[in-house]
Amino acid sequence: MLVMTLVLAAIGFGLLVIALMTGSVAWAWGCIAVCVVGAVILLASSLTSRDPSTPGNAARRRATPNSRPAQGDEQHDSRE
């Protein structure tokens with residue numbers, strides 16, 4: 001999604017340059033439309049990629065097998 005947004009920004013910049021060189025308002029509106037589409041895609045991507053910090057997610061992260069115990073929480077082997 002980020003790559004698509006960057007491509008749309010580059011296209012919008014190209015349209016802006018064309019609008020300034022030709023003095024045409026139609027190219028400028030095209031630039032605005034492309035940039036608005038890119039902004040909507042970027043906003044949608046950032047909203048969908050958020051990881052809400054809910055208590056259930058925090059408990060799941062603590063239960064992962066790669067998590068290290070906190071100091072003092074080590075389990076001692078009874079055979080020692």
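I started with the fold: the chain has 3 helices and 0 strands, where helices (H or I, at least four residues) and strands (E, at least two) are DSSP runs numbered from the N terminus. Along the sequence the pattern reads α-α-α.

A note to self on the source: this is a predicted model, in which local features need pLDDT of at least 70, side-chain atom pairs count only at pLDDT 80 or more, and totals for chains, interfaces and linings use all residues. Residues are numbered from 1 along each chain as its sequence is written, and side-chain values use heavy atoms, with hydrogens and water left out.

Next I looked inside. Of the 80 residues in the chain, 12% are buried (under 20% relative accessible area; exposed is over 50%, partly exposed in between; 1.4 Å probe, protein chains only). The largest nonpolar core has 5 residues: L8, L15, C31, V34 and I41. Such a core is a set of buried Ala, Val, Leu, Ile, Met, Phe, Trp, Tyr and Cys residues joined through side-chain atoms within 4.5 Å. Helices α1 and α2 (25-48) each give two or more residues to this core, and α2 gives the most, with 3.

I then checked V34. Leaving out residues up to four places away in sequence, V34 touches L8, I11, G12 and L15 (contact: heavy atoms within 4.5 Å).

Last, the outside. The accessible surface comes to about 6,800 Å², and 66% of that belongs to carbon and sulfur atoms (Shrake-Rupley method, 1.4 Å probe; for residues, only the protein chains shown count as cover). I also looked up V17, which sits in helix α1 (residues 2-22) and is partly exposed, at 32% relative accessible area.
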